[in-house]
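Visitor: I have a structure to read and little practice. Can we go through some features together?
Guide: Gladly. Take a look first.

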Amino acid sequence: MAEVSTVGADGKALAEILGAHPAFAGCSAETLARLVGAGELRHFRPGDVLVQQGEASDAAYLIVDGEVEVTVDSSFGQVHLAHLPAKSLIGDFGVFANLPRTATVRAAAAVRALRIGRDAMLMAGRENPELLLSVISQLGQRIGAVNQAVGFYTNALAALERHDFDPAILDTLLNPLPELIDFAQTFRRMAEQIILRRRQHDEMASAAIIQRAMLPAARTPEEFGGHVEIHAEMRPAREVGGDFYDFLMLDDRRLGFSIGDVCGKGVPASLFMAITQTVMRLVARQEGDLATAIMRANDLLCTDNVSSMFATLFYGVLDLETGRLTYCNCGHNPPFILRGDGSLEPMKNTGSPLAIFEGAPYKTGEAMLAPGDRLFLYTDGVTEANDPDSALYGDERLLAALEGTRHLPGRELIDAVVGSVDEFAKTAPQFDDITCLTLHFRP
């Protein structure tokens, strides 16, 4: 258990350290002082855990003295990611995105850290938009470093599978390039095992764990005031994919929910998926107008998009008290409203996919949900599934499946639709990610 002490006379020095961090460079002296004043100093012994993978992101930590070790638990064991020195900031991304911790951080030596609670961080973000943009920028840099490492791993494993492994790769693993220095311990462990375990894909397992951690956990209807019941399932075509879904309370009565599909597959798609989902969480909370939020997200995703990736997205905001649904459909497959009277209503397209054109206009659509109405959202992995003769599952089969299973509860409805796709595909390999989400409105 960490010892806790007040900031006290150290407040000014801590504010200077905080202000020197790139994320807080644009914050005023008043904001820095308020963040420090709202925080508390915690003292950790070597081996003590600062944050635990999977737990709620309730605070960020500024490492004042000492250093910490960052690890990720995977099905193949614990993966070392980095050693972070004093003056490092951890947990800021999770705090703003309201995501569970994606890694565990332990004290590698005696550590003194300033703990800043989530409420104080969110207030600073609202008062200083540059802080939020800085966090997004740093997230992009981190993902770029991870992308390099995963690419390096992939090339090494591919060389092994082709039986043309170059010993120079082993030297690189033991002496990583400067831009990959944070992954040195992982590289060394891989160098020791790489010949004996050719099929070991630790990096893909870690990527899959991180991607799953970014999806919202199952929620009970009571957590939404008893007004809605939500179920979702994502089945990647590879270890990781480009589909995503999300749902979160925007305020006391508005529920935001989404489903999306990034162009491409595998690691590049999963990285862009992570950025898209994070950006949407940030702008949806900041903007009261959905169309404005979508336009901001599009412009942010267009910035420095050298890979020219894009994402289709459906984003809905449901008033839990009235059933009023406002939505933007950005080039995504049209979700369906399954009315209580047996009719099916598709929700029209309202704009282009995200990250294609900066400054693209977006508008909203509206619908009213009555008690008992349900929504069914899906990605094109459903309708574009192939059978062994390369025929497509298609929209007509999906409509028939919904007509025949509309009476089932949400989880069973998803299972029935996915089962219908599997029955159609038979032995054909899954070509694209398959994702479905149902929302049952019951005010």
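Visitor: Which residue stands opposite L325 of strand 14?
Guide: Keep in mind that this is a predicted model. To read a strand pair, find who faces whom. Here L318 stands opposite L325. Strand 13 (residues 311-319) pairs with strand 14 in the antiparallel sense, over six bridges.

Visitor: How many residues lie between the strands in that hairpin?
Guide: Four. Check the backbone angles there too. G323 takes a positive phi near 85°.

Visitor: Which strand holds the bridge partner of R324?
Guide: Strand 17, where the partner is M368. Strand 17 (residues 365-368) runs antiparallel to strand 14, and four bridges join them.

Visitor: Why is strand 14 (residues 324-330) called largely enclosed?
Guide: Count its buried residues. Six of the seven are buried, so the rest of the structure largely encloses strand 14.

Visitor: Which residues have the most contacts inside the largest nonpolar core?
Guide: They are F24, F257, I294 and Y315, in a core of 80 residues. Helix 9 (residues 266-286) gives the largest share, eight residues. A second, separate core has 20 residues, including V382 and L413. Now go back to Y315. Beyond its neighbours within four places in sequence, Y315 is in contact with several residues, among them F257, I294 and Y327.

Visitor: Does a loop residue get the same treatment? Is D432 buried or exposed?
Guide: Compare its accessibility with the cut-off. Buried means under 20%. D432 has 12% relative accessibility, so D432 counts as buried. Its loop runs between helix 13 (410-425) and strand 19 (434-441). Leaving aside neighbours within four places in sequence, the contacts of D432 include K265 and D380.

Terms used. Residues are numbered from 1 along each chain as its sequence is written. This is a predicted model: local features need pLDDT of at least 70, side-chain atom pairs count only at pLDDT 80 or more; totals for chains, interfaces and linings use all residues. Side-chain values use heavy atoms; hydrogens and water are left out. Helices (H or I, at least four residues) and strands (E, at least two) are DSSP runs, numbered from the N terminus. Buried means under 20% relative accessible area, exposed over 50%, partly exposed in between (1.4 Å probe, protein chains only). Contact means heavy atoms within 4.5 Å. A nonpolar core is a set of buried Ala, Val, Leu, Ile, Met, Phe, Trp, Tyr and Cys residues joined through side-chain atoms within 4.5 Å. Two strands pair if DSSP finds at least two bridges between them.
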